[in-house]
Amino acid sequence: MEVKQFQAESKRLLDLMIHSIYTHKEIFLRELISNASDAIDKLHYRSLTEENVKVDSAAFEIRIDLDKEARTLTISDNGCGMTKEELESNLGVIAKSGSLAFKQENEAKEDIDIIGQFGVGFYSAFMVSDKVTVISRPYGSDTAYKWESEGADGYTIEECQKDSYGTTIILHILENREEEDYDEYLDSYRIQGIVKKYSDYIRYPIKMMVEKSRPKEGSEGEYETYTEEVTVNSMVPIWRKTKAEVTEDDYNQFYKEKFFDFTDPARVIRSSTEGTATYTALLFIPARTPFDYYTKEYEKGLQLYANGVLIMEKCADLLPDYFSFVKGLVDSQDLSLNISREMLQHDRQLKIIASRLEKKIKSELLSMQQNDREKYDAFFKNFGLQLKFGVYNDYGTHKELLKDLLEFYSSAEKKLVTLKEYVERMKEDQKFIYYACGDTVEKIDRLPQTELVKDKGYEILYLTENVDEFALKVLHEFDGKEFKSVSAGDLGFEETEEEKKEDEAQEKESRELFTFMGEALAGKVKAVRASKRLKSHPVCLSSDGELSLEMEKVLNAMPT
Ligand code: ADP
Ligand code: MG
C-alpha cells in the first residue's frame with residue numbers, strides 16, 4: 001500500500017470542503033452522479049466507435065446503496081473506470097475545469113455560498129464523510145485499485161479485487177454533530193429526493209433498492225415489507241423535454257451545474273428544427289463575463305450530442321468567434337458517431353446547424369435589446385467588445401449581421417445607444433454620424449473638438465475602446481449615413497457663401513503666423529490651419545487622412 005500527499009491546491013479545496021459550513025451539503029450527490037454519468041458517457045462513446053469495445057448500452061446504470069449500520073453510502077457505475085495513474089491524477093490533483101474555476105473565483109469572492117452553484121466535483125464528498133473509498137477498474141483491464149482518504153492528510157492506494165469494470169465510491173458518512181444532521185444521507189427517501197431534485201435528467205438509470213410495504217397475503221389488515229429495485233430519475237434530458245415540462249429555474253440550475261457559473265444566465269435560448277437538419281439546441285447567454293473570456297485560454301464551443309450521446313465537449317465550429325460567449329449544447333440525429341474532428345469541420349449538416357444557430361442567437365439578442373434594454377445593456381458591457389471585434393475582423397464580412405447589435409455611449413442621451421436610435425434622432429441638416437475617441441467618457445466630454453458639433457445640436461458617439469473606431473471604419477455607414485470623426489479636417493457642416501469668404505480672408509491674414517508655427521513644429525505636425533470648430537479652446541489637433549489620431553496611436557502601439 002502506498003501513502004501519498006495531496007497536491008497543495010487540492011489540499012486547500014479539500015480543507016474547504018471538510019470545514020464547510022455550507023448548508024446545501026446534499027449537492028455532493030449531484031457531483032458524484034454527474035461523474036458517474038460522465039464515465040458512462042465515455043465508455044458508451046467508445047463502444048459505438050471502437051471495434052473491440054463491446055458493451056451492452058442497455059446495461060449502463062448508476063447504483064446507490066445505503067447501509068445504515070455501517071454508515072455508508074455507495075455509488076457505483078459501469079463506466080470507463082480509472083487506472084491507478086488516473087486515480088492519482090484525477091483525484092489527487094486539481095486541474096479540472098470546474099474545480100479550478102471555482103478556486104479562482106473563490107479567491108476573489110470569499111463567498112462560500114458559491115459551492116452550491118458550482119461544479120466543485122469529487123471533493124464535495126468530504127462535506128458529508130470522514131472517509132472516502134474509491135474502487136475502480138478500467139474497461140479492458142483485469143486489475144482494480146483502491147484509493148482511500150480520510151481528508152487533507154493524504155491518501156493511500158493499493159491493488160484490490162473488483163468483479164467488473166467501472167467505479168464504486170464508498171462514503172463513510174459522518175456521525176451527527178451538534179446541529180448538523182448527517183443521518184439524513186443514509187435515509188432512502190431523502191436520497192431519492194436529492195436524486196430527483198438535481199439529477200433527474202441524467203440519461204442513465206439511477207437505481208436503488210427501496211423498501212416498500214404490501215398487504216400480507218392471507219391475513220387481513222396486516223402488512224409486510226419487501227424491497228424492490230426502482231429507477232429514481234426520469235432519464236429525459238432537459239433539452240428533450242417539452243417547454244411545459246421545464247421551469248425557468250430548471251434551466252438555470254442546469255446551466256450553472258453544467259457550465260460552471262454561479263449566476264443565472266441572462267437568457268436561455270431553445271431551438272429545434274426538423275427538415276434539412278434535425279436538431280435541438282439549448283443555448284445560454286451568461287450574465288457575467290467569464291474570468292478568462294478575453295484571454296487566450298478561453299475556448300469557445302458547444303457540447304455536441306449525436307442522438308443523445310455526447311461526442312464532443314466543445315465543438316468550436318458551431319459558434320462564430322463573435323458569439324463565442326454563448327454556452328450550451330446541440331443534439332442532432334443527423335450526425336454520425338464515428339465522425340472525427342477533421343471530418344466534422346467539413347460536415348454539411350454541422351454547417352447548416354451552425355448558420356441556423358447564428359441567426360437564432362442574433363434574433364434573440366435583438367429581441368432582448370428591444371424588450372429588456374437594461375439587460376441588453378448589461379450584456380453589451382460584458383460582450384460588446386467581442387461583437388465589435390467581429391465587425392472589424394474578417395474584412396467586415398459579418399458587419400451586416402452585427403451592426404444592429406452595436407451600442408455606443410451617446411453625448412446626448414448619456415447612455416448606450418444603438419446606431420439606429422442615433423440615426424432616428426439626427427437633425428434635418430445633419431449629414432454625418434459624429435463620433436469622438438478617447439480613453440474615457442469624461443475625457444472625451446472635455447475635448448475641444450466636440451464643442452462645435454454639440455453646439456450644432458448634433459449627437460456624438462463616444463468611442464472608448466481601441467477597436468471602436470476601426471469597427472466604424474469597416475461599417476463605413478449606417479442607414480446611408482457615413483461616420484465622421486469630430487477631429488476630421490472637414491466636419492461636413494453646410495456653409496453659406498459668405499461664411500466661406502470670411503474663412504478665406506482669415507486664412508490669408510494668419511498665413512505668416514501659421515507658416516512660422518509649421519516650421520517651429522516641423523516633423524510633429526503636417527500643417528497649421530485656422531479652425532472653425534474651436535470656441536473656448538485656442539488650439540486643437542486634428543487629422544485629415546483616413547487615419548484618426550487615435551487610430552494612429554493604436555497602430556503605433558501594436559507590436560510589429
Ligand atoms: P470534473 O468532473 O469537473 O472533471 P471532478 O472532481 O468531479 O471534476 O472529477 C475529477 C475527475 O475524476 C474526473 O474528470 C474524472 O476523470 C475522474 N472521475 C471522477 N469520478 C469518476 C468515475 N465515477 N469514473 C471515472 N472517472 C471518474
Ligand atoms: Mg465532476
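Visitor: At which residue does helix 15 bend by about 55°?
Guide: This is a predicted model: local features need pLDDT of at least 70 and side-chain atom pairs 80 or more, while totals for chains, interfaces and linings use all residues. Residues count from 1 along each chain as written, and chains are lettered from A and ligands numbered from 1 in written order. Helix 15 is a DSSP run (H or I, at least four residues; strands are E, at least two), numbered from the N terminus. With axes fitted to the seven residues ending and the seven starting at a residue, the bend of about 55° falls at R511.

Visitor: How many of the 24 residues of helix 15 are buried?
Guide: Buried means 20 or more other C-beta atoms, placed from the backbone, within 10 Å of a residue's own. Helix 15 lies largely in the open, because the number of its residues that are buried is 0.

Visitor: Which strands stand at the edges of the sheet?
Guide: Nine strands make an open, mixed sheet, ordered 1-6-5-4-7-3-2-8-9. Pairing takes at least two DSSP bridges. One side is left without a neighbour, since each has a single partner strand, in strand 1 (2-4) and strand 9 (223-231).

Visitor: Which residue in strand 6 stands opposite K4?
Guide: Strand 1 and strand 6 (residues 155-160) run antiparallel, joined by 3 bridges. Across from K4 in strand 6 is Y155.

Visitor: Which helix gives the most to the largest nonpolar core?
Guide: A core here joins buried Ala, Val, Leu, Ile, Met, Phe, Trp, Tyr and Cys through C-beta atoms within 7 Å. This one has 67 residues, and L318, V330, Y435, I460 and L461 touch the most other members. The top contributor, with 7 residues, is helix 9.

Conventions. Buried ≥ 20, exposed ≤ 12 C-beta atoms within 10 Å, placed from the backbone.
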